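Student: I should like to learn how the features of a predicted model are read. Please begin with a single residue and proceed to the chains.

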Amino acid sequence: MTDLSIQIGPLTLKNPIIAASGCFGYGVEYAGVVDLSLLGGVAVKGLFLAPREGHPPERIVETPAGMLNAIGLQGIGVHRFIAEKLPELRDRRATVIVNICGSTLEEYVELARILSDAEGVAALELNISCPNIKEGGITFGCSLTGTYDVVSAVKKVTPLPVIPKLTPNVTDVASFARASEDAGADAVSLVNTFLAMAIDVETRRPKLSNIVGGLSGPAIRPIAVRMVYECRRTVKIPIIGMGGIASATDALEFMIAGADAVQVGTANFVDPFIWTKLLDGIRDYLGRHNIARVRELTGTIDTTAREKEWISS
Amino acid sequence: MPVDVEARVIRNTRLSSEYNVLALAAPEIAAATAPGQFVMVKLGRGSTPLLRRPFSVFEVLRTNGRVDGLTLLSKRVGVTTQMLFDAVEGDVVSCLGPLGRPYTPVDPPADAWMVAGGVGLAPFATLAEVLLARGTGVTLFYGARTARDLFYLDWFRDRGVRLSLATEDGSLGDHGRVTAPLERALAGAAGRTVMVYACGPEPMLEAVARLAAKYQRPSEVSVERVMGCGLGGCYSCVIPIRDGPKGHHYVRSCLGGPVFAGDQIAWDR
Ligand SMILES: Cc1cc2nc3c(=O)[nH]c(=O)nc-3n(C[C@H](O)[C@H](O)[C@H](O)COP(=O)(O)O)c2cc1C
């Protein structure tokens with residue numbers, strides 16, 4: 001039997017495959033197509049304290065091998081989430097990772113307090129990386145002290161594992177992983193989407209109502225893999241990697257680069273039945289390579305012959 | 001519960017240089033489809049195009065009474081519709097469905113008036129069949145740019161659907177928009193119970209919903225918004241729904257729709 005479980009601080013996930021935030025609704029929407037208890041975790045759509053309306057359409061546009069989104073974090077707010085969605089997620093034995101967003105440090109702390117008292121939350125993912133909203137969030141994620149401050153403030157008020165989600169829209173993402181680790185983060189997740197835009201040349205209008213949006217999907221995968229690799233060389237805490245994963249091979253690539261677990265977002269839009277295919281593919285790979293435990297794979301990239309070239313290029 | 005079927009193309013019928021009807025071997029989906037529901041379609045396994053696209057189920061195909069497939073009515077406008085136009089027998093199309101909230105069929109003595117603009121004809125073949133089976137009288141108000149873009153007229157006529165046509169160039173039926181014959185009919189329908197169903201471009205849907213409201217008839221419209229997943233995961237396909245006289249909130253059209261009551265939608269947002 002291959003052991004697919006992985007460890008994030010005090011939390012054991014039954015496998016390393018997690019549904020990415022904002023790409024899986026509140027999880028309950030998908031209960032009809034996938035057994036939620038089969039997933040390593042379900043990261044629910046980013047939640048603020050209060051409900052939010054989000055941006056007007058158009059909210060997404062397809063781009064080569066990817067998509068831009070500017071949803072604007074439409075959501076029901078933390079209280080309705082706890083009352084209306086969490087009970088069903090609990091009944092379906094989902095491992096729930098709640099993605100939280102705040103405009104101020106106090107809002108993150110307040111959200112963490114409220115969710116720590118709710119039954120059925122496995123971990124908190126701090127969204128300090130959403131490129132689509134003006135206030136808060138990203139301002140923490142783009143400043144090393146901001147990242148450090150929000151992680152340490154949340155750590156003080158919750159027993160839950162705390163996972164800051166990092167933005168790739170910085171020069172040196174590894175330094176943000178380091179700041180997170182120093183502040184006591186149990187893991188980091190990366191990457192959120194890349195700030196991008198697309199224009200209709202006939203009308204000269206931006207294709208998104210928000211003008212700019214976040215790029216996700218296969219187009220970003222090689223950059224995301226590189227960023228996970230850099231972070232693995234910098235921090236010891238677990239890394240949850242994501243960005244364009246659409247097959248077991250893609251997931252394995254992230255793990256070999258240094259991820260302990262992975263999240264899958266855009267690919268779930270294309271194939272909502274992807275989850276068992278990913279798990280089967282990983283099991284098959286581990287079997288073929290005689291690896292008993294998936295955690296042995298993390299960071300096993302073999303750079304002995306290539307290291308010199310990579311550094312000098 | 002939706003299923004994902006690797007559906008074989010049974011045939012591809014070109015209706016014009018832009019429109020085609022693609023028959024797909026997806027009996028599981030066809031048998032479960034209610035009028036107005038849709039499927040999310042993807043051609044090819046690659047990343048271009050990456051996302052699925054929503055299509056109304058056009059016809060449910062039967063051989064000797066057994067459901068053996070469905071068709072899609074498509075107009076060539078983008079990458080996926082070009083691929084649908086070019087598809088040949090034996091090609092495989094990923095088809096996820098059926099999805100969404102269908103139309104609510106009415107029973108006699110109510111009459112059903114279906115209003116279609118262009119490719120918005122798509123949901124009305126299945127809706128007409130369901131309505132006719134209930135004994136409900138059905139009229140199709142159908143508008144397009146020109147007579148050559150009005151399709152399946154005999155199909156509807158043969159089944160007993162009354163037709164009221166309009167073309168923007170005046171080549172067939174009313175000269176102008178389909179809302180003109182619709183308004184005439186509404187004005188002359190005093191005392192009759194009528195349910196108005198619409199599908200087409202959003203300005204047409206708005207005009208139809210306003211006309212229905214003006215003549216105090218209920219309406220159901222099927223909206224088409226840019227959709228990422230069809231299952232409620234991405235929050236891209238939202239439509240503003242009225243909250244009281246001034247407010248609105250966004251509802252995902254894949255789950256709350258694509259069919260909405262015409263008076264629910266905050267058209268001015
Ligand atoms: C439509 C959409 C909505 C998203 N919403 C959120 C969100 O609410 N919170 C968050 O942390 N990330 C959000 N993301 C980012 C994803 O979780 C993920 O980091 C990113 O899409 C890269 O992974 P992918 O290429 O597998 O999609 C969203 C992405 C998309 C495409």
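Tutor: Let us start with Pro98(B), which lies in strand β7 of chain B. Helices (H or I, at least four residues) and strands (E, at least two) are DSSP runs, numbered from the N terminus. This is a predicted model, in which local features need pLDDT of at least 70 and side-chain atom pairs count only at pLDDT 80 or more, while totals for chains, interfaces and linings use all residues; side-chain values use heavy atoms, without hydrogens and water. Residues are numbered from 1 along each chain as its sequence is written, and chains are lettered from A and ligands numbered from 1 in the order in which they are written.

Student: What kind of peptide bond joins Gly97(B) and Pro98(B)?

Tutor: The bond is cis, and its omega is about -5°. Chain A offers another case: the peptide bond from Leu190(A) to Val191(A) is cis, with omega near 10°. Val191(A) sits in the loop between β10 (188–190) and β11 (194–197) of chain A.

Student: Which residues does Ile220(A) contact, once its neighbours within four places in sequence are left aside?

Tutor: Contact means heavy atoms within 4.5 Å. By that criterion, Ile220(A) touches Val191(A), Phe194(A), Leu215(A), Gly243(A) and Gly244(A). Ile220(A) itself is placed in the loop between β14 (212–216) and α6 (221–232) of chain A. Its C-alpha lies 7.8 Å from that of Gly66(A), although 154 residues separate the two in sequence.

Student: Is Ile220(A) buried or exposed?

Tutor: A residue is termed buried under 20% relative accessible area, exposed over 50%, and partly exposed in between (1.4 Å probe, protein chains only). Ile220(A) counts as buried because its relative accessibility is 3%. Tyr19(B), in strand β2 (residues 19–25) of chain B, is likewise buried, as its relative accessible area is 3%. Beyond four places in sequence, the contacts of Tyr19(B) include Leu73(B), Phe85(B), Val119(B) and Phe151(B). Separation along the chain does not by itself give the spatial distance: Tyr19(B) and Val41(B), 22 residues apart in sequence, are 17 Å apart, C-alpha to C-alpha.

Student: What is the corresponding C-alpha separation for Pro109(B) and Thr136(B)?

Tutor: These two are 27 residues apart along the chain, and their C-alpha atoms are separated by 7.0 Å. Pro109(B) belongs to the loop between β7 (92–99) and β8 (111–117) of chain B. It counts as exposed because its relative accessibility is 75%.

Student: Which sign does phi take at Asn290(A) and at Tyr152(B)?

Tutor: Asn290(A) has a positive phi of about 55° although it is not a glycine. Tyr152(B), also not a glycine, has a positive phi of about 65°. Asn290(A) is found in the loop between α9 (274–288) and α10 (307–312) of chain A, and Tyr152(B) in the loop between β9 (137–144) and α4 (153–158) of chain B. Asn290(A) is exposed, as its relative accessible area is 72%; Tyr152(B), with 22%, is partly exposed.

Student: How many helices and strands does each chain have?

Tutor: Chain A has ten helices and 16 strands, while chain B has six helices and 16 strands.

Student: Why may the overall dimensions of chain A be said to agree with those of a compact globule?

Tutor: The radius of gyration is taken over C-alpha atoms, and the globule rule is 2.2 Å times the number of residues to the power 0.38. For the 313 residues of chain A the rule gives a radius near 20 Å, and the chain has 18 Å, which agrees. For the 269 residues of chain B the expected radius is near 18 Å, and the chain has 18 Å, again in agreement. Buried residues make up 62% of chain A and 57% of chain B.

Student: How many residues of chain A are in contact with chain B?

Tutor: There are 31, and they are in contact with 28 residues of chain B. Buried area is the accessible area (1.4 Å probe) that two parts lose on being put together, summed over both. Between chains A and B the area is about 2400 Å², of which carbon and sulfur atoms give 63%. Glu62(A), Phe269(A) and Val270(A) supply 24% of the area that chain A buries against chain B, more than any other three residues.
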